[in-house]
Amino acid sequence: MEYMMATTTSGQPTRRRWWALTLIAAAQFVVIMDTSIIGAALTRIQADLGFSPENLSWVFNAYVIAFGGLLLLGGRLSDLLGARRIFMTGWAVLLAGSAVAGAAGEVWVELTGRALQGAGAALIAPSALTLLMMLFGSEPRELAKALSLYGAAAPAGGTAGVFLGGVITEYVSWPWVFYINIPIALFALAVAPALMPKAAARRGATDLLGAVTVTAGLSVAVYAIVRAPELGWGSGGTVVSLIIAIGLLAAFLVIQARKSAPLVRLGIFRTPDLGAANVAQLLLGAAWIPMWFFLNLYLQQVLGLDAFASGSALLPMTTVILLIMVAAAPRVVARIGAKPMIVSGLLVLALGLFWLSLARPDGTFWADVLPASLVAALGMALAFVPSLGTAISSARPEEGGLVSGIVNTSYQIGSALGLAAMTAVATSFGANELGSTGAVTTGLSAAFIGTAAIAVAGALIAGATLRRKAAA
């Protein structure tokens with residue numbers, strides 16, 4: 001394929017570079033969509049495969065644990081073996097996992113497929129960000145636009161998952177919530193070689209011991225977090241799991257300090273603003289994902305909307321995020337800098353979350369959900385792009401994959417931790433009393449207040465620790 005057009009400083013023809021960004025954004029869309037698309041299908045999966053009620057959540061958890069646990073390894077492999085190679089490998093693994101999950105006839109096969117999907121996502125996500133930096137990192141204004149499109153793909157994928165899951169389950173069949181990934185993966189594998197820049201593999205040890213230790217530590221931590229609302233935070237199973245996770249992660253730090261070629265160079269966290277931006281991403285995930293989850297519960301359990309209608313109700317919020325991230329965020333970052341935008345975005349998000357906590361048992365979508373959710377969406381859109389850009393632009397070129405893995409891990413671990421903690425809060429205030437819309441609303445309101453507090457904490461920490469005021 002020949003391109004008769006200008007070539008950028010990255011060495012990629014201009015048009016091909018933007019087509020490559022479209023594929024990168026599609027990758028982010030798919031890996032986030034796969035966390036939410038199963039929601040409407042869970043009841044039918046349970047009936048067909050024989051899941052017990054207490055084990056059904058593992059259709060979700062198997063994906064999240066593999067995704068969160070393997071992100072650092074995926075980022076490091078991108079640096080060592082080449083981002084394009086790992087990007088394509090991730091799509092191949094996701095394709096295989098989707099085929100297994102869709103064709104599953106038994107519980108263990110279904111969970112294996114979901115874990116494979118998560119492993120594929122853990123290879124795709126950091127390598128996609130690395131490729132984005134390779135394509136746009138030398139041009140700050142173009143990088144801001146690229147990050148905006150990439151950032152908008154995440155909430156769009158989450159909302160589309162809810163919407164598509166309802167449509168597919170209702171009008172086709174539940175295996176297609178997994179099979180839908182197959183043609184997308186085949187297309188990505190077909191076009192990636194022509195669109196994505198190729199980076200030669202670098203010399204360096206893979207640090208298998210470090211990789212196994214951190215993957216096990218993160219996986220056990222996520223396992224403990226997602227199980228805690230069911231078992232109880234003070235239960236023996238939760239406490240033992242958390243102790244094991246802390247021990248594994250401590251061992252990982254010791255290994256990294258002693259290795260000549262570690263999986264994670266510990267000195268990377270002394271990079272200005274890298275740690276602060278990752279904390280902002282962690283707390284942003286801890287506030288946003290629970291909000292999205294509990295808003296769905298309010299729409300369905302209190303307002304009585306079905307899966308299709310509740311997914312449709314989230315479309316205005318997604319539209320605002322897309323418009324702000326793509327059209328406004330790059331200009332605002334260029335004008336006022338990353339730090340003010342991250343702080344103000346988290347505060348606006350907190351305002352929207354607090355407004356949602358005022359929702360009534362006899363409320364309506366137009367009065368109790370739409371205005372507050374749009375304010376929350378505005379805050380998310382303002383904070384996400386500059387915090388992500390600040391984190392990944394702090395990296396050395398040869399460590400882009402690692403930093404991408406770190407920032408993705410921060411957001412995913414924050415999401416899991418925030419959802420587990422706020423689920424415990426909602427349950428303690430009555431959200432599990434499904435026969436009473438008043439009790440459910442009280443529990444959900446408590447969770448919204450909790451997420452608002454997380455967003456305020458994120459704003460305070462970002463204001464105190466971020467030093468960068470220029471655009472990311």
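## Helix packing and hidden spaces: worked exercises

At 0% relative accessibility, A101 counts as buried (buried means under 20% relative accessible area, exposed over 50%, partly exposed in between, with a 1.4 Å probe and protein chains only). Before going on, note that this is a predicted model, where local features need pLDDT of at least 70, side-chain atom pairs count only at pLDDT 80 or more, and totals for chains, interfaces and linings use all residues. Residues are numbered from 1 along each chain as its sequence is written, and side-chain values use heavy atoms, with hydrogens and water left out.

**Exercise 1. Find the helix that holds A101, then say how far A101 lies from E398 in space.**

Step 1: A101 sits in helix α4, residues 83–103 (helices, H or I, of at least four residues and strands, E, of at least two are DSSP runs, numbered from the N terminus).
Step 2: Along the chain, A101 and E398 are 297 residues apart, and their C-alpha atoms are separated by 36 Å.

**Exercise 2. Do the bookkeeping for L71: which helix is it in, is it buried or exposed, and how far is it from S127?**

Step 1: Look in helix α3, residues 58–81, and you'll find L71.
Step 2: L71 has 0% relative accessibility, so it counts as buried.
Step 3: S127 is 56 residues from L71 along the chain, with 9.8 Å between their C-alpha atoms.

**Exercise 3. Now try M341: where is it, is it buried or exposed, and how far away is L131?**

Step 1: Helix α14 is the home of M341.
Step 2: With a relative accessible area of 1%, M341 is buried.
Step 3: L131 and M341 are 210 residues apart along the chain, and 25 Å separates their C-alpha atoms.

**Exercise 4. Describe how α14 and α17 cross.**

Step 1: Start with the recipe: two packed helices are described by the angle between their axes and the distance between the axes.
Step 2: For α14 (residues 338–356) and α17 (residues 437–465), the axes come within 8 Å and cross at roughly 165°. Axes here are lines fitted to C-alpha atoms, for helices over the stretch in contact, and angles run from 0 to 180 degrees between N-to-C directions.
Step 3: That angle makes α14 roughly antiparallel to α17 (under 35 degrees counts as roughly parallel, over 145 as roughly antiparallel, 65 to 115 as roughly perpendicular and the rest as oblique).
Step 4: α14 passes α17 in a left-handed crossing (the near helix is turned anticlockwise from the far one by less than a right angle; clockwise would be right-handed).

**Exercise 5. Do the same for α11 and α15, then sort the contact residues by class.**

Step 1: Helix α11 (residues 274–302) packs against α15 at about 160°, and the axes are 10 Å apart.
Step 2: The two helices are therefore roughly antiparallel to each other.
Step 3: The crossing of α11 with α15 is left-handed.
Step 4: The residues in this contact split into 18 nonpolar, five polar and one charged (Ala, Val, Leu, Ile, Met, Phe, Trp, Tyr, Cys and Pro count as nonpolar, Asp, Glu, Lys and Arg as charged, and the others, Gly among them, as polar).

**Exercise 6. Look at the loop leading to α11: what's special about phi of D273?**

Step 1: D273 is in the loop between α10 and α11.
Step 2: Its phi is near 75°, which is a positive value in a residue other than glycine.
Step 3: D273 counts as buried, at 7% relative accessibility.

**Exercise 7. Hunt for cavities: how many are there, and what lines the largest?**

Step 1: Searching the whole structure turns up two cavities of 30 Å³ or more. On a 1 Å grid over the protein atoms alone, a cavity is a set of points where a 1.4 Å probe fits but cannot get out, a pocket is an open set with protein on both sides within 12 Å along at least five of seven lines, and lining residues have an atom within 4 Å of a point.
Step 2: The largest cavity holds about 100 Å³ of space (grid points are joined across faces, edges and corners, and a volume is the space filled by probe spheres set on the points).
Step 3: It's lined by 13 residues, with Q28, Q281, F384, N408 and Y411 nearest its centre.
Step 4: α16 gives the most to this lining, four residues.
Step 5: By class, the largest cavity's lining has nine nonpolar, four polar and no charged residues.
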